[in-house]
Amino acid sequence: MIVDFLCWFDMPFSLDKCMGEEQFVRIVRAHGANKILFAADWTWGRADETIKILMAASLEKESILGANAAGMLCIV
């Protein structure tokens, strides 16, 4: 799959319910951690559970948890 440089992936709060850690890691590796945003706009799940999964994975956590969004919004 080819992803345009303007395309971002918004990971839901319910990462623990919608997909497992393995699927999440596959998505990040396929598209790059620089294209993944941790979104806090979904009120149906628990951010703490999603963050636990993210922290356990071998990924660029700082990018996903905020640096990507800051860069996209030009606030860094």
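Let's start just past helix α4, in the segment that follows it, where we find C74. Keep in mind that this is a predicted model. C74 has a phi near 60°, a positive value in a residue that isn't glycine. Is C74 buried or exposed? Its relative accessibility is 67%, and since exposed means over 50%, C74 counts as exposed.

Now step back into helix α4 itself, which covers residues 61–72 and holds G66. G66 is partly exposed, at 27% relative accessible area. If you measure across from its C-alpha atom to that of I36, 30 residues away along the chain, you get 9.7 Å.

So who does α4 pack against? One partner is α3, residues 47–56: the two axes come within 8 Å and cross at roughly 135°. That crossing makes α3 oblique to α4. On the α3 side you'll see I51, L54 and M55, and they meet K61, I64 and L65 of α4. By type, the residues in this contact are five nonpolar, no polar and one charged.

Two of those names, L54 and I64, turn up again in the largest nonpolar core. How many residues make up that core? There are 12, and I36 is among them, along with M11, M19 and F24. Helix α2, residues 21–31, gives the most to this core, with four residues. In soluble globular proteins, nonpolar side chains tend to be buried together.

Finally, have a look at V28, another core member. Leaving out residues up to four places away in sequence, V28 touches A33, I36, L59 and I64. That brings us back to I64, which also takes part in the meeting of α3 and α4. Thanks, everyone!

Technical notes:
Residues numbered from 1 in each chain as written. Predicted model: local features only at pLDDT ≥ 70, side-chain atom pairs only at ≥ 80, totals over all residues. Heavy atoms only, no water. Helix = DSSP H or I, 4+ residues; strand = E, 2+ residues; numbered from the N terminus. Buried < 20%, exposed > 50% of the residue type's maximum accessible area, 1.4 Å probe, protein only. Core = buried A, V, L, I, M, F, W, Y, C linked by side-chain atoms within 4.5 Å. Contact = heavy atoms within 4.5 Å. Axes fitted to C-alpha atoms, helices over the stretch in contact; angles between N-to-C directions. Parallel < 35°, antiparallel > 145°, perpendicular 65-115°, else oblique. Nonpolar A, V, L, I, M, F, W, Y, C, P; charged D, E, K, R; others polar.
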